[in-house]
Amino acid sequence: MDLLNTLVDKGLRRELPTREEALAVLATSDDDLLDVVAAAGKVRRHWFGRRVKLNYLVNLKSGLCPEDCSYCSQRLGSTTGILKYTWLKPDEASQAAAAGLAGGAKRVCLVASGRGPTDRDVDRVSETIKAIKDQNDGVEVCACLGLLSDGQAERLRDAGADAYNHNLNTSEGTYGDITTTHTYADRVDTVQKAHGAGLSACSGLIAGMGESDEDLVDVVYSLRELDPDSVPVNFLIPVEGTPLAKEWNLTPQRCLRILAMVRFVCPDVEVRIAGGREVHLRTMQPLALNLANSIFLGDYLTTEGQAGKADLEMIADAGFEVEGTDQVTLPEHRTEAAGAGCGSHEAGGCGSHESAGCGSHEGGGVCGTAAAAAPAAAPAGEPRTDLVAVRRRGAGTDLAPNA
């Protein structure tokens with residue numbers, strides 16, 4: 001297929017595809033899907049080999065959010081029955097992070113619901129970052145705390161944070177349809193603040209909210225322009241009790257095409273499969289590793305993911321390897337541009353997320369919602385509500401985390 005040959009050539013040269021080419025990827029047929037995956041896989045392997053970076057989410061503060069993001073189980077007025085608790089203490093957060101690191105995670109993503117942090121919140125998170133780094137050599141830490149005020153990104157950097165996550169989520173043209181309490185421009189501003197402070201910027205999207213192909217291409221091109229080091233791709237989990245609970249629009253094939261399009265548009269950045277992979281990719285998850293070079297290990301913010309052991313087995317069985325703390329995530333040209341070596345701890349870098357990245361807090365499909373696998377499958381084409389389970393273990397509970 002001439003389209004795919006062209007996209008591979010452009011991806012290897014870091015050349016931006018045309019909008020028409022990106023839209024054509026989303027419009028390919030299921031008969032051509034394996035060809036699309038193989039083509040995007042060439043680009044992924046060129047820049048990242050067969051390494052898979054593991055990230056681990058710690059939900060520092062769950063629920064109780066004043067924002068009205070339609071996708072989010074922690075939103076104002078949510079009736080989802082999720083865990084609700086205020087800030088974890090630094091030692092509690094460090095203990096939660098240790099489980100993910102023991103399971104092979106390279107990065108810890110510290111997420112808190114809310115519009116954005118107060119200065120006291122930044123102090124609190126700074127203490128948590130120090131506790132995690134003091135107890136774990138080589139760990140990367142990404143913060144995801146919502147909209148940042150002037151100077152807060154610098155304070156997080158000085159505390160030892162490697163990265164900051166804040167997702168764009170959807171196109172500028174449709175943003176007002178999913179959130180009214182803050183704007184698309186607010187999100188762009190926070191990503192730019194993180195960039196300007198020398199943090200590795202992480203920003204991604206949520207697919208499956210009823211958006212058009214044009215909307216998906218718009219947000220991915222906006223992300224390319226912002227130039228984050230990592231792009232988490234979330235697949236909406238339509239959690240009961242949220243306004244988007246009935247939006248079951250994704251198939252495994254659709255998810256693979258979206259990931260391929262993101263890889264072609266952002267060939268040399270860390271593409272992370274974030275919330276929703278277990279629910280929407282299901283048994284096609286191993287195939288998606290040919291497109292993305294990063295995933296989350298274990299559970300998400302408010303929902304359960306598949307067992308951490310199953311994640312590790314999936315990576316090995318698919319012929320990939322877990323990226324070590326001594327390996328640099330990003331290609332050399334990106335680490336040099338960052339000046340400090342993004343993806344390398346020795347150089348002070350980063351290499352990812354998040355997202356797990358969340359957005360301004362958490363999302364029903366933003367930095368996290370995925371679910372544990374269920375034994376019984378729903379009839380073909382039916383919503384897989386059986387795969388959505390509210391998290392009742394790990395951070396904020398007395399039960400051991402899933403890692």
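Just past the end of helix 9, Asp227 sits at a positive phi of about 60 degrees in this predicted model. Helix 9 itself runs over residues 213-226, 14 residues in total. From its first C-alpha to its last, helix 9 reaches 20 Å, close to the 20 Å expected at 1.5 Å a residue.

A good part of helix 9 is tucked away: its buried residues are Asp215, Leu216, Val217, Val219, Val220, Tyr221, Leu223 and Leu226. Several elements help cover these buried residues, including helix 2 (19-26), helix 8 (184-196) and strand 6 (205-207). Strand 7 and helix 10 are also part of that cover.

Strand 7 (230-235) and helix 10 (252-265) are joined by a loop, and Leu244 is found there. Leu244 counts as buried because its relative accessibility is 11%, under the 20% cut-off. Setting aside neighbours within four places in sequence, Leu244 is in contact with Ser70, Tyr71, Met209, Leu236 and Pro238. Gly210 and Leu244 are 34 residues apart in sequence, and their C-alpha atoms are 9.0 Å apart in space.

Turning to the pockets, the second largest one holds about 220 Å³ of space. Its lining draws on Leu88, Glu92, Gln95 and Ala96, together with Gly394, Ala395, Gly396, Thr397, Asp398, Leu399, Ala400 and Pro401. By residue class, the lining of this second largest pocket splits into six nonpolar, four polar and two charged residues.

Technical notes: Residues are numbered from 1 along each chain as its sequence is written. This is a predicted model: local features need pLDDT of at least 70, side-chain atom pairs count only at pLDDT 80 or more; totals for chains, interfaces and linings use all residues. Side-chain values use heavy atoms; hydrogens and water are left out. On a 1 Å grid over the protein atoms alone, a cavity is a set of points where a 1.4 Å probe fits but cannot get out, and a pocket is an open set with protein on both sides within 12 Å along at least five of seven lines; lining residues have an atom within 4 Å of a point. Grid points are joined across faces, edges and corners, and a volume is the space filled by probe spheres set on the points. Ala, Val, Leu, Ile, Met, Phe, Trp, Tyr, Cys and Pro count as nonpolar, Asp, Glu, Lys and Arg as charged, and the others, Gly among them, as polar. Helices (H or I, at least four residues) and strands (E, at least two) are DSSP runs, numbered from the N terminus. Buried means under 20% relative accessible area, exposed over 50%, partly exposed in between (1.4 Å probe, protein chains only). Contact means heavy atoms within 4.5 Å. The expected span of a helix is 1.5 Å times one less than its number of residues.
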